[in-house]
Amino acid sequence: MRLRQYLFARLLARASRIHEPLVAARKAALLRQVSGQVLEIGPGTGVNFAYYPPGIAWTGYEPNPFLARQISLPEGATLHERPFVEGEAQRYDWAVATLVL
């Protein structure tokens, strides 16, 4: 499993350089609407931080340890290096999942 996670992390980092410019305008339009407590499931390398408005309370769940190490967390953000557990969703105002499903 660790080899697969490592290879996926490398592939995602490279693919993001091509993919992000293609979806940047759409992500900006969607993610600038969030406020309050934000849950992000599978933040990958953390590319969505560029689109969030200031003042949100961000919590992420990234079970791939190789991806989790690449995320530069803004001040006040919390990252859990484990899968998301469904029962924890009630305390969030927004949930974000991009390239996860």
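# Exercises on a predicted model: sheet, salt bridge and pockets

The four strands of an open sheet follow the order β3-β2-β1-β4 and pair in parallel. This is a predicted model, in which local features need pLDDT of at least 70, side-chain atom pairs count only at pLDDT 80 or more, and totals for chains, interfaces and linings use all residues. Residues are numbered from 1 along each chain as its sequence is written, and side-chain values use heavy atoms, with hydrogens and water left out.

## Exercise 1. The sheet

Task: find which strands are the edge strands, and describe how β1 is joined to β2 and β4.

Solution.
Step 1. Helices (H or I, at least four residues) and strands (E, at least two) are DSSP runs, numbered from the N terminus. Two strands pair if DSSP finds at least two bridges between them.
Step 2. β3 (78–80) and β4 pair on one side only, which makes them the edge strands. From one strand to the next, the twist averages 20 degrees; axes here are lines fitted to C-alpha atoms, for helices over the stretch in contact, and angles run from 0 to 180 degrees between N-to-C directions.
Step 3. Strand β1 (residues 37–41) runs parallel to β4 and is joined to β4 by three bridges. Opposite V38 stands W94 of β4, and opposite L39 stands A95 of β4.
Step 4. Between β1 and strand β2 (residues 57–61) there are five bridges, again with parallel strands. I41 has Y61 in β2 as its bridge partner.

## Exercise 2. The salt bridge and A24

Task: identify which side chains form the salt bridge, and decide whether A24 is buried, partly exposed or exposed.

Solution.
Step 1. A salt bridge is a side-chain nitrogen of Lys or Arg within 4 Å of a carboxyl oxygen of Asp or Glu. The structure has one: E20 with K27, at 2.7 Å from N to O.
Step 2. Buried means under 20% relative accessible area, exposed over 50%, and partly exposed in between (1.4 Å probe, protein chains only). Both E20 and K27 are buried.
Step 3. A24 is part of helix α1. Its relative accessibility is 24%, so A24 counts as partly exposed.
Step 4. A24 lies 26 residues from A50 in sequence, and their C-alpha atoms are 9.4 Å apart in space.

## Exercise 3. The two pockets

Task: describe the largest and second largest pockets by volume and lining.

Solution.
Step 1. On a 1 Å grid over the protein atoms alone, a pocket is an open set of points where a 1.4 Å probe fits, with protein on both sides within 12 Å along at least five of seven lines; lining residues have an atom within 4 Å of a point. Grid points are joined across faces, edges and corners, and a volume is the space filled by probe spheres set on the points.
Step 2. The largest pocket has a volume of about 370 Å³. Its lining has 21 residues, with F8, L12, E62, L67 and L99 nearest the centre. Helix α1 (residues 2–31) gives the most, seven residues.
Step 3. The second largest pocket holds about 190 Å³. Of its 13 lining residues, K27, L30, L31, V96 and T98 lie nearest the centre. Here too α1 gives the largest share, six residues.
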